[in-house]
Amino acid sequence: MTERLASRSAADGAHRTLLADSVTAFTGRGADIARARRLRGSSEEYDRAAWRRMAELGWLGILVPDTHGGLGLGLPEMGIVARGLARALAPEPLVASAVMATTALAGGGSEALKREHLPRLVAGETVPVLAWQETAGAWDAASPALQARPLEGGYRLTGVKRFIAGAAQADVFLVSALADASPALFWVARDTAGVRLELEPLADGRQFGTLTLTDALVSRERVVARGRQAADALARALDYGAAVASAELCGVAERALEISLDYLRTRVQFGKPIGSFQALQHRGVDLYIQKELAGAVLDQVLEALGEAPDAASRAALASRLKARCSDAALRVTRESIQLHGAIGFTDDCDIGLYLKRALVLAGWLGSATQHRRRYVALSSENGK
Amino acid sequence: MTDWNAMSDEDFRREAREFFESEYPPALRYILRRARWHEMKEWWRKLYEKGWIAPNWPREWGGMGLEAGKMVALLEEMERHGVARAPDQGITQVGPIIMQFGTEEQKRRYLPGTLSGEFIWCQGYSEPNAGSDLASLQTSAIRVDDEFVINGQKIWTSLADDATHIYLLARTDRQVKKQAGISFFIVNLQTPGITIRPIRNLAGHEEFCQVFFDEVRVPLSALVGQLNEGWNIAKALLSFERLNIGSPRRPQYALHRLEAVARARGLFADPGFVDRYAAVKLDLEDLAALYGGFVEQAKRGEALGPEISMLKIWAMETWQRVTDLLVEVGEEQGVMPGVQDVAGVKADFLNAFYYARPATIYGGSSEIQRNILAKYVLRLPG
């Protein structure tokens, strides 16, 4: 038993190192953000060729079982990729698609949909995203307002989904709905009649989609999950999404701190590098502590999430992680602007792009305050 | 001797829990101050008889040689039951140092008595003019024939009046860079020429002392390690100390009180309180993750680097935030000394608050820890 565990962890270590190396090679050693700069504000939002390369590297299949063409790995591995890509501010919807939509589909009850689409998803041929949120601040609302009325052979969906990350180039939406007063998840192709998508800009140059469904007809074969299974699959997808978004927050914080420390070492005022001044050294140290703390929680929670004994403890872990990483990344990136002085407030300076990505990741999938409240409500008798 | 590591983690945890519940003196649960030797003597004996005095020591010296998972379980069960910290500097600090730097004779002479409670240790580092700038210490040890003669004054020596021995840093060479002329000694406090004077602290306790050395003659065997190697030895010991100080255990005491009082006052229905509670609760949970990483590193036998300073900063500052909130939710009772009754819940608000105050000062102040991190970890220019 112990031996098996030991060899498993040695194997984990080896393939995780390979994974980390492949991410570094992908983003350029110094986390090159030229690509991110070029793509920000574009209507495509991200680079489909880069997405296919990510598929070739196996990253899109990290959470997909090998029976469906994936790598059958776990959240720690997905975390390595997400963290590394976030260092270069990659705009691709890894969390929205390869984590959330993938987890929702894999957790659903339709073997036919899984057989047909999981391998395509792993290959980067289909890019689905999850469309579940309807109101700002209600990212984990239990019951959607969007209605699915049953009819012969399928359902008619009517309602609005908002704040959909990765919508710009998505070709499928996994839409949560209420069908006969019970939750359900539907596989809705973008070109379905009665489906309209609008895009709105985000602080980091990416976009949120608003999906309006008006009597959109979805066949029975396109039901991903119903009832309890739909609620469970969605809840798991949201928790995993929050967790891997936290890995991105860590990557952003870590790179922003590196950039700022380099600046402290090289910027000269009063005849000395400004990093020699104790006031700035201590600020740098406080940011370092936040970054390390977030990293420690990330490592612990990504290992524990997949083996959480029940949905409540899984959600509590995810909330603990998202709260810490959101706060840490916001603090590091905000104060990084201050450490840079006026140059930090220019669009030419990279540091501002890190602040903007941190803002978006912290505001998406539940703010730190929301997650802390959810943690208290879930994790102890105190919340009840 | 029992191999505790051979037990399953669950069995070991159950064993610990049952042991604390049946044997630990109820009057000493959650006492929120350093326990005195006379209070802890009986408990020490029980731990000793069970072989549980030194979880961190190797088994060859009578320790438990406990692996990381069980160490955490043991600490958690102690914390859960409110087991106070005994005068344990011999176990956490000087014991490991003697094992690493001492002679065979010093090991045989001091380690068994340290385990049994025959030797109680206190730490003689700080001096009136050597606080944060510890390396400028002036207490001297001069070799005269087959003895060292020690003169000087130590201060902030916790529980010196309970101790039988002191481990101290003294200057043995004034001609070299200040760090390079310091040696590490162990001295019996009964030696003629030593005077101990307690100092009353903000909480009203006489927990720390001044220790005066006036022509104190000690044998050459009082020197640990090489002459003038004391600074490096003390630094090795400081990382043990920072790991121990960085344990989530003490802030957890305070958090449990906070939760009990908040429940008694119905504060969990107040969203304003819940937000503040959640912040400190998670600061503490996340401290445990940070701490766990360092414990794993120590257990793998790796040296703890200067990064350990961040653990002390975060642990101590978190502890203070918890006790700040505790005093606040105590309302009027929060500013009344002694144990208060809040709808049946007992809490000593001020003691908890005072206990956390010096935490960002002792063992290297938070500002010194930040200097260390800036210089040795972030590599910022000097």
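How many salt bridges does a search of the whole structure find over all chains? The answer is 60, and a few of them turn up in the close-ups below. Keep in mind that this is a predicted model.

**Figure 1. Chain A, split into its domains.** The domain assignment cuts chain A into domain 1 (2–122), domain 2 (128–227) and domain 3 (229–383). Take domain 1 and domain 3 of chain A: their C-alpha centres sit 20 Å apart. Where these two domains touch, domain 1 of chain A puts in 28 residues and domain 3 of chain A puts in 32 residues.

**Figure 2. What gets covered up between domain 1 and domain 3 of chain A.** Together, these two domains bury about 2,500 Å². Carbon and sulfur atoms account for 61% of that area. On the domain 1 side, look for Leu75(A), Arg83(A) and Arg87(A): this trio supplies 27% of the area that domain 1 of chain A buries against domain 3 of chain A, and no other three residues supply more.

**Figure 3. Charges and polar partners between domain 1 and domain 3 of chain A.** Seven salt bridges are counted between the two domains. Elsewhere in the picture, find Asp350(A) and Arg37(A), whose side chains meet in a salt bridge with N and O 2.9 Å apart. There are also twelve residue pairs in polar contact across this interface, with both residues of each pair at pLDDT 80 or more. Now follow the helices: on the side of domain 1 of chain A that touches domain 3 of chain A, helix H4 (75–87) and helix H5 (94–106) of chain A are the elements giving two or more residues. H4(A) gives the largest share, eight residues. Sorted by class, the residues on this side come out as 17 nonpolar, six polar and five charged.

**Figure 4. A salt bridge inside one helix of chain A.** Arg228(A) and Asp232(A) form a salt bridge, and their closest N and O atoms are 3.7 Å apart. Why are these two about one helical turn apart? Because they are four residues apart in helix H7 (residues 227–266) of chain A.

**Figure 5. Strand E7 of chain B and its partners.** Strand E7 (residues 208–219) of chain B runs antiparallel to strand E3 (residues 147–158) of chain B, and nine bridges join them. To trace this pairing, start at Lys154(B), whose bridge partner in E7(B) is Val211(B). Strand E6 (residues 194–199) of chain B also runs antiparallel to E7(B), with six bridges between them. Here you can spot Thr195(B) standing opposite Phe212(B) in E7(B).

**Figure 6. Where chain B meets chain A.** The contact takes in 31 residues of chain B and 30 residues of chain A. The two chains bury about 2,800 Å² between them, and 65% of this is on carbon and sulfur atoms.

**Figure 7. A closer look at the interface of chain B and chain A.** Five salt bridges are found across it. For a salt bridge to zoom in on, try the side chains of Arg373(A) and Asp275(B), with N to O at 2.5 Å. Twelve residue pairs are in polar contact across the interface, both members at pLDDT 80 or more. Which helices of chain B each supply at least two residues to the side touching chain A? They are helix H7 (249–264), helix H8 (271–299), helix H9 (308–329) and helix H11 (366–377) of chain B. H8(B) provides the largest share, 13 residues. By class, this side of chain B has 18 nonpolar, two polar and eleven charged residues.

Technical notes:
Residues are numbered from 1 along each chain as its sequence is written. Chains are lettered from A and ligands numbered from 1 in the order in which they are written. This is a predicted model: local features need pLDDT of at least 70, side-chain atom pairs count only at pLDDT 80 or more; totals for chains, interfaces and linings use all residues. Side-chain values use heavy atoms; hydrogens and water are left out. Domain bounds come from an automatic or database domain assignment. Contact means heavy atoms within 4.5 Å. Buried area is the accessible area (1.4 Å probe) that two parts lose on being put together, summed over both. A salt bridge is a side-chain nitrogen of Lys or Arg within 4 Å of a carboxyl oxygen of Asp or Glu. A polar contact is a pair of N or O atoms within 3.5 Å; within protein, one must be able to donate a hydrogen and the other to accept it, and residues adjacent in sequence count only if both atoms are side-chain atoms. Ala, Val, Leu, Ile, Met, Phe, Trp, Tyr, Cys and Pro count as nonpolar, Asp, Glu, Lys and Arg as charged, and the others, Gly among them, as polar. Two strands pair if DSSP finds at least two bridges between them.
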